[in-house]
Amino acid sequence: MPKLHVIIASTRPGRIGLPVAQWFTDWAVKHGGFEVNVVDLAELNLPLMDEPNHPRLRRYEHQHTKDWSATADAADAFVIVMPEYNHGYTAPLKNALDYLNNEWAYKPVGLVSYGGVSGGLRAAQGIKPILTSLKMMPLVEGLPIPFAMRLLDDEGEIQADEAMENTATLMLDELLRWTGALAPLRGATTA
């Protein structure tokens, strides 16, 4: 079964990214097409890029980079759960992407974005050129969530509506197709 890593791109205390990612992760497990893992950039806690060698060389000197490399390498596909800050993506997300190079290649990526009225679409569109430069395949099918705070219940969990669930399923179906299509380029199998 292909491995999907759900990356939580917000590191801010009190972030809504955590409940959004938990809802999406539960939905992805229910989907059944992937072995799903969560990667929380707040827990990863990467310093600003501190490797002396270019990431394409994979000559990492720091253990945090070696660990991050192994985590990203193990994935067949990604979903990034990302907020929009000032019409853009988060610095921790850009930093985490910049740490690595080859580990991202030929892997599809879905974007679950959230924010105000735009639902994080400006951040999602802004990160796509970076993803493609890393040879990733960002999906057209994304899941923007406007005013995500309104979806929190009294326990702080996201209460998704039918449209969110349908869109998440559509994205996961497409992610599964691309994971299989790109597997030969990664030298992977889709068994």
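Four aromatic pairs are counted in this predicted model. One of them joins W23 and F24 in an edge-to-face arrangement, with 6.2 Å from centre to centre and 65 degrees between the planes. A pair of aromatic rings is described by these two quantities, the distance of the centres and the angle of the planes. The assignment of W23 and F24 as edge-to-face follows because their planes are 65 degrees apart, and an angle over 60 degrees counts as edge-to-face. Both residues of the pair, W23 and F24, are buried. Together with W27, the residues W23 and F24 form one aromatic cluster.

Helix α1, which spans residues 17-31, also holds T25. The residue T25 counts as buried because its relative accessibility is 8%, and the limit for the buried class is under 20%. A polar atom of the T25 side chain lies 2.7 Å from the backbone oxygen of A21. Apart from residues up to four places away in sequence, T25 touches three valines, V6, V36 and V38.

The loop between α1 and β2, the latter comprising residues 35-40, contains G33. With a relative accessible area of 13%, G33 is buried. When residues up to four places away in sequence are set aside, G33 touches M1, P2 and L176. The contact with L176 links positions 143 residues apart along the chain, and the C-alpha atoms of G33 and L176 are separated by 6.8 Å.

Strand β1 covers residues 3-8 and includes K3. The relative accessible area of K3 is 31%, so this residue is partly exposed. Although K3 and V36 are 33 residues apart in sequence, their C-alpha atoms are 6.0 Å apart in space. Beyond residues up to four places away in sequence, K3 touches F34 and E35, and also A74, A75, D76 and A77.

One of these partners, A74, belongs to helix α3, formed by residues 63-74. The residue A74 is likewise classed as partly exposed, because its relative accessible area is 37%. Outside its neighbours within four places in sequence, A74 is in contact with K3 and H5. A separation of 29 Å lies between the C-alpha atoms of A74 and E157, which are 83 residues apart along the chain.

Positive phi values occur at two asparagines. Most residues other than glycine have a negative phi. In N45, which is not a glycine, phi is positive at about 50 degrees. The residue N45 is located in the loop between α2, residues 41-44, and α3. Its relative accessible area of 59% places N45 in the exposed class. For N86, also a residue other than glycine, phi is positive and near 50 degrees. The position of N86 is in the loop between β3, residues 77-83, and α4, residues 91-98. The relative accessible area of N86 is 78%, and this residue is therefore exposed.

Helix α6 extends over residues 162-186 and includes L182. At a relative accessibility of 10%, L182 is counted as buried. With residues up to four places away in sequence left out, L182 touches Y106, K107 and P108, as well as M137. The C-alpha atoms of L182 and M82 are separated by 24 Å, and these residues are 100 places apart along the chain.

The largest pocket encloses about 170 Å³ of space. Its lining is made up of 13 residues, of which R12, I16, P83, Y114 and M149 are the closest to the pocket centre. Divided by class, the lining of this pocket comprises seven nonpolar residues, four polar residues and two charged residues.

How values were computed
Residues numbered from 1 in each chain as written. Predicted model: local features only at pLDDT ≥ 70, side-chain atom pairs only at ≥ 80, totals over all residues. Heavy atoms only, no water. 1 Å grid on protein atoms, 1.4 Å probe; cavity = no way out; pocket = protein on both sides within 12 Å on 5 of 7 lines; lining within 4 Å. Points joined across faces, edges and corners; volume = space filled by probe spheres on them. Nonpolar A, V, L, I, M, F, W, Y, C, P; charged D, E, K, R; others polar. Helix = DSSP H or I, 4+ residues; strand = E, 2+ residues; numbered from the N terminus. Buried < 20%, exposed > 50% of the residue type's maximum accessible area, 1.4 Å probe, protein only. Polar contact = N/O pair within 3.5 Å; in protein donor to acceptor, adjacent residues only side chain to side chain. Contact = heavy atoms within 4.5 Å. Phe/Tyr/Trp six-rings, centres within 6.5 Å; stacked < 30°, edge-to-face > 60°.
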